[in-house]
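Work through these exercises with the sequence and the model side by side. Try each task before you read its solution.

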Amino acid sequence: MSSIRPAAVIVLAAGEGTRMKSATPKVLHDICGRSLVGHVVAACRELAPEELVVVVGHAREEVTAHLTAFDPGVRTAVQHERRGTADAVRAGLAALAGAGLESSGPVLVTCGDIPMQTPQTLRALAEAHAAQGNAATVLTMELPDATGYGRILRNADGTVSAIVEHRDATPEQRAVREVSSGVFAFDGRLLAGALDRVGTDNSQNEEYLPDVLRILREDGHRVGAERAPDHRELVGINDRVQLARARRLLNDRLLERAMLAGVTVVDPATTWVDASVTFEPDAVVHPGTQLLGATHLGAGAEVGPGCRLADTVVGEGATVNNTVADNARIGAGANVGPYAYLRPGTVLGAGAKAGTFVEMKNSTIGEGTKVPHLSYVGDATIGDHTNIGAASVFVNYDGEAKHHTTIGSYCKTGSDNMFVAPVTVGDGSYTAAGSVITRDVPPGSLAVARGQQRNIQGWVARKRPGSEAARAAEAALAATEDKDERD
């Protein structure tokens with residue numbers, strides 16, 4: 001952690017974001033499992049600021065509720081009228097009245113629509129600000145195309161002489177490619193007074209935060225700049241195209257971090273992960289896989305291809321293939337898929353199997369137990385080392401309420417069974433194929449619940465005369481009679 005601890009970080013998130021063309025406030029759009037502003041808040045928290053305040057405006061109730069759920073320690077301040085970035089910072093400072101900003105570390109200001117900014121870059125800004133003795137320090141970046149950004153104009157000694165907004169810049173100034181990122185560090189003792197002197201003499205009639213730098217410089221204070229190592233981490237999001245580009249960049253960053261920690265990602269181009277996903281070394285992720293939410297892959301786990309796991313824990317050495325899982329727990333060495341669906345509340349024990357076209361919900365499957373094919377297991381508990389026959393259905397819903405089924409350990413249930421809940425099958429029991437189990441089965445029993453077979457000879461000839469079935473049956477009977485005569 002940096003020795004420079006900010007007195008406060010103010011995050012500007014009051015704008016409407018009309019170019020997103022969305023009913024969702026811009027800063028609440030999702031990228032890699034977090035909102036845009038959530039990524040910013042998480043990065044700022046890494047600096048351990050004494051105070052963290054987010055300035056809200058458009059849809060402020062919705063944004064505030066989101067922030068409270070994401071980070072209850074965040075303060076919010078309301079910019080009632082969007083009169084520019086300087087006015088927004090003034091609202092943020094008002095929420096921090098009495099927080100002791102005059103005698104502690106710098107005040108950092110950043111934007112809620114820059115999800116790629118890193119704690120390392122913010123820390124470098126705070127450290128440069130302190131080392132250079134600046135009243136204000138702007139975080140800059142060099143862009144291939146600087147259209148729309150405020151240009152950085154420097155003095156011979158490297159200090160900042162001005163920041164000129166694109167719309168107010170001359171053609172010569174627009175040729176400059178070093179631009180303001182919209183992220184600043186300020187001396188808290190000087191910031192409030194300078195804000196009160198910001199005017200609206202510009203094409204938008206707004207109070208620009210960069211004017212604070214001019215005011216401080218005119219007062220004889222030093223204004224510096226710290227250039228970010230990679231401009232891509234500081235590009236703001238204004239429309240869906242930029243959102244998609246940022247998602248790709250952030251996803252690449254997350255995958256690179258995982259691979260450097262010992263995870264094999266076979267095809268990063270088709271693998272998507274959320275920022276909250278965690279891994280252990282030697283996990284393998286195959287192509288076409290999405291890992292979302294609080295998903296965790298244990299050591300040596302192998303996931304994919306074609307998986308979508310949300311809030312799911314995959315145990316050490318487990319394999320998951322072409323599977324959708326939501327809030328499930330997959331034990332060590334378990335085997336899932338292909339084409340399985342694990343719904344919330346599914347818990348697979350160590351070495352268990354949920355096979356092809358198997359759906360599970362709110363069920364606990366014991367160690368070594370197998371549900372190999374074409375089955376639905378809902379609201380159930382199955383013991384250890386049991387085998388569930390193909391095409392079995394746990395009938396858990398009576399039209400009004402859900403009921404529970406319990407299958408013991410070391411059971412062998414037949415194919416095409418229906419377990420009509422509530423029902424219990426005791427340890428070591430067998431059930432016959434095609435049975436509908438409606439009553440409890442004692443331990444060690446064989447349950448047979450099906451009608452006796454009857455063969456009605458000649459039925460096809462009488463009921464379907466002249467049909468292909470009748471002709472086939474007639475030929476088969478004739479062949480049987482010829483064989484009997486030869487014998």
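## Exercise 1: A hairpin

The model is a predicted one. In the hairpin of strand 8 and strand 9, find the residue that takes a positive phi.

**Solution.**
- Step 1. Locate the strands: strand 8 covers residues 151–154, and strand 9 covers residues 160–164.
- Step 2. Look at the turn. Five residues lie between the two strands.
- Step 3. Read the backbone angles there. Gly158 has a positive phi near 90 degrees.
- Step 4. Check the pairing. The two strands run antiparallel and share four bridges. One residue to look at is Arg151, whose bridge partner in strand 9 is Val164.

## Exercise 2: The largest pocket

Describe the largest pocket: its volume, its centre and its lining.

**Solution.**
- Step 1. State the volume. The largest pocket has about 1,400 Å³.
- Step 2. Go to the centre. Of the 39 lining residues, Lys26, Thr85, Cys111, Asp113 and Asn238 are the closest to it.
- Step 3. Name the elements. Strand 1 (8–13), helix 3 (85–95) and strand 10 (178–186) each give two or more residues to this lining. Strand 10 gives the most, with four residues.
- Step 4. Sort the lining by residue type. There are 14 nonpolar, 17 polar and eight charged residues.

## Exercise 3: The second largest pocket

Which helix gives the most to the lining of the second largest pocket?

**Solution.**
- Step 1. Find the pocket. The second largest pocket has a volume of about 390 Å³. Gln117, Thr118, Pro119, Arg253 and Arg257 lie nearest its centre, out of 15 lining residues.
- Step 2. List the candidates. Helix 1 (36–45), helix 4 (119–132) and helix 8 (240–260) each supply at least two lining residues.
- Step 3. Choose. Helix 8 gives the most, with four residues.
- Step 4. Sort by type. This lining holds seven nonpolar, four polar and four charged residues.

## Exercise 4: A salt bridge within a helix

How many residues apart in helix 7 are Glu218 and Arg214?

**Solution.**
- Step 1. Begin with the principle. Side chains of opposite charge can pair when their charged atoms come close.
- Step 2. Check the distance. Glu218 and Arg214 form a salt bridge at 3.4 Å, N to O. The cut-off is 4 Å, so the pair qualifies.
- Step 3. Count along the helix. The two residues are four apart in helix 7, so about one helical turn separates them.
- Step 4. Compare with the surface cut-offs. Glu218 has a relative accessible area of 56%, so Glu218 is exposed. Arg214 has 31%, so Arg214 is partly exposed.

## Exercise 5: Salt bridges between distant parts

The structure holds 18 salt bridges. For Arg90 and Arg343, find the salt-bridge partner of each.

**Solution.**
- Step 1. Take Arg90. Its partner is Asp196, with the closest N and O atoms 3.8 Å apart.
- Step 2. Place this pair. Arg90 is in helix 3, and Asp196 is in the loop between helix 6 (188–195) and helix 7 (210–218). They are 106 residues apart.
- Step 3. Check exposure. Arg90 is partly exposed, at 24% relative accessibility. Asp196 is exposed, at 59%.
- Step 4. Take Arg343. Its partner is Glu359, and their closest N and O atoms are 2.8 Å apart.
- Step 5. Place this second pair. Arg343 is in the loop between strand 25 (340–342) and strand 26 (347–348), while Glu359 is in strand 28. The gap in the chain is 16 residues.
- Step 6. Check exposure again. Arg343 is partly exposed at 24%, and Glu359 is partly exposed at 25%.
- Step 7. Follow the shared partners. Arg83, Asp87, Arg90, Asp196 and Glu207 are joined into one network.

Technical notes. Residues numbered from 1 in each chain as written. Predicted model: local features only at pLDDT ≥ 70, side-chain atom pairs only at ≥ 80, totals over all residues. Heavy atoms only, no water. Pairing = 2+ DSSP bridges. 1 Å grid on protein atoms, 1.4 Å probe; cavity = no way out; pocket = protein on both sides within 12 Å on 5 of 7 lines; lining within 4 Å. Points joined across faces, edges and corners; volume = space filled by probe spheres on them. Nonpolar A, V, L, I, M, F, W, Y, C, P; charged D, E, K, R; others polar. Salt bridge = Lys/Arg side-chain N within 4 Å of Asp/Glu carboxyl O. Buried < 20%, exposed > 50% of the residue type's maximum accessible area, 1.4 Å probe, protein only.
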